[in-house]
Amino acid sequence: MAIDTETARKVARLARIRVEEERLPALAREFDAILGFIEQLNEVDVEGVEPMTSVTPMRLKRRQDVVTDGNRQAEVLLNAPDAREGFFAVPKVVE
Amino acid sequence: MTDLTKLTLAQARDGLRAKDFTAPELTEAYLAAIDAADALNAYVHKTPEIARQQAEFAQTRIRAGMSPDLCGVPLGIKDLFCTNGVPSQAASRILDGFKPPYDSTVTEQLHKQGAVMLGKLNMDEFAMGSSNETSCYGNAVNPWRRGNEATALTPGGSSGGSAAAVAADLCAAATGTDTGGSIRQPAAFTGIVGIKPTYGRVSRWGIIAFASSLDQAGPMTKDVRDAAIMLRAMSGHDPKDSTSADLPVPDFEAMLTGDIRGKVIGLPREYRMDGMPGEIEALWHRGAEMLRDAGAEIRDISLPHTKYALPAYYVIAPAEASSNLARYDGVRFGRRAKLSQGDGITDMYEKTRAEGFGPEVQRRVMVGTYVLSAGFYDAYYNRARKVRALIKRDFDLAFADGIDAILTPATPSSAFGLGEMANADPVQMYLNDVFTVTVNLAGLPGVSVPAGLDTKGLPLGLQLIGRPWDEGDLLNVAYSLERAAGFMAKPAKWW
């Protein structure tokens, strides 16, 4: 299946990566090459096979639902590009 | 005094305990070697102050006669591991300036045992690559060269800095991570040993995630004994990683007897690829003969779904990456793009991710987004997970038939020149992992052992694949192969 420029634009938007208009045709061709490679999977008979969910047969462990950590506001904000008054700051979201 | 940087991890440990030299002396030797090796671009953040402090403290423990194996042993740490107060940015611009206020479980365990951290090592961005060329720091360089040619070669990837550092004696051993071959391929390209353990053997907590169902950390070392020692130090159950296995960790080193009589070694016929260089095929045969001479039985086996491993991987790994890398949004950590007047929050996300992620990471995030998107999820993602189940079943059947370990080539070629693949389509680069990626999909342990040199004078590796949780037996087979192959070559120093 050929990936067109429109599909490349849509995928870039879904992935929240800005791609300049003139880059879209080249990107579409790269997707095409990779997806063409992946198409080989259609040769495999997967009738009745369950999709793998865990590579080792294990049950996820449960733990007590208790607070084990906290009061680390300064550390949490330490690496933020913009932190103010104890919050992460972002551009205005609601008008 | 002998050059301390040439010692294996085991020799360094024994020398420290015997008081032949001190931990600070050993550390200083490595720090000097590192500063003289900037041409390799293996270390991207040097941490000499931390190393000196840790070495002093380790020496007090050694003096008190209370030293674990790694006490006072200088290590390099892949940039993918979070290290307290030290830049940890997965070789990505998007994590510029990120200094985690905590350590990964693996580095924490290593520190507690007294290991010394020399610095952070180069890698492909977010561990996505097979040549170290996607790193935001520029590529690491292989200490090996083709005879007298000055062409710069790749150390492989993604753990290219780790491989270059171990091969050039810039650390006693290094940590690596392996999602599709990222420990084993660079180990093969640089003539060192690298093991990817069974999925769940080593905690993933605090290691920057790429594809969570495939990622495993492991040691990259000068020989098999060192791999056994360091794997034990890195392993163990961690409540902070829900996929970490609650199983006892054996003394892998004690299991290295070299006795493999009666072991059954499988040679999968599907690994005999069209166009495989004759040297690789010959090396594979020689490896099988060495194991037969050591008393193992060699058996031809079939792993029929091998061909579909790479395409399945290139659905599953990007899908998981697109989800894992959604967290890099310019809000909580790392870099945020400079915004223009009137830019809203979506502009912030899109600009931040466009300038923060390199081309290969962008490509994989978008491919992952596509295969998970409405209408394609079943056709791509679910189908790939079904094929993955079949790939694992191939191995399960072989092991049920009495196979103890599987011998394959580690890579389809020796190290190639940096930039040589620049104009190839991405799929060409992906083929580097053709022999290693099956092991990640099946969650098995796999080890790359240097086994010879090609006609250009470059190292070649063989891979051994073991049963789940049987790293001890697997390393013992690797140990037998290592002794028989007698690989002693080191790169001639040019840097």
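## Exercises on chain A and its contact with helix α9(B)

From the N terminus on, chain A is built in the order α-α-α-β-β, that is, from three helices and two strands. The model is predicted.

**Exercise 1.** Work out how the radius of gyration of chain A stands against that of a compact globule of 95 residues.

*Solution.* Begin with the expectation, which for a compact globule of 95 residues is a radius of gyration near 12 Å. Then take the value for chain A, which is 23 Å. For further description, the C-alpha atoms fill a box of roughly 55 × 45 × 25 Å along the principal axes, and buried residues make up 15% of the chain.

**Exercise 2.** Check whether the length of helix α9 (residues 309-324) of chain B agrees with 1.5 Å a residue.

*Solution.* The helix has 16 residues, and because the expected span is 1.5 Å times one less than that number, it should span 22 Å. The C-alpha atoms at its ends are 22 Å apart, which agrees. As for its surroundings, 14 of the 16 residues of α9(B) are buried, so that the helix is mostly covered.

**Exercise 3.** Describe how helix α2 (residues 24-38) of chain A is placed against α9(B), and which residues meet.

*Solution.* Two packed helices are described by the angle and the distance between their axes. Here the axes come within 8 Å and cross at roughly 125°, which makes α2(A) oblique to α9(B). On the side of α2(A), A:Ile34, A:Phe37 and A:Ile38 meet B:Pro311, B:Tyr314 and B:Val315 of α9(B). Sorted by class, this contact has six nonpolar residues, with no polar and no charged ones.

Technical notes
Residues numbered from 1 in each chain as written. Chains lettered and ligands numbered in written order. Predicted model: local features only at pLDDT ≥ 70, side-chain atom pairs only at ≥ 80, totals over all residues. Helix = DSSP H or I, 4+ residues; strand = E, 2+ residues; numbered from the N terminus. Buried ≥ 20, exposed ≤ 12 C-beta atoms within 10 Å, placed from the backbone. Rg over C-alpha atoms; globule rule 2.2 N^0.38 Å. Axes fitted to C-alpha atoms, helices over the stretch in contact; angles between N-to-C directions. Parallel < 35°, antiparallel > 145°, perpendicular 65-115°, else oblique. Contact = placed C-beta atoms within 7 Å. Nonpolar A, V, L, I, M, F, W, Y, C, P; charged D, E, K, R; others polar.
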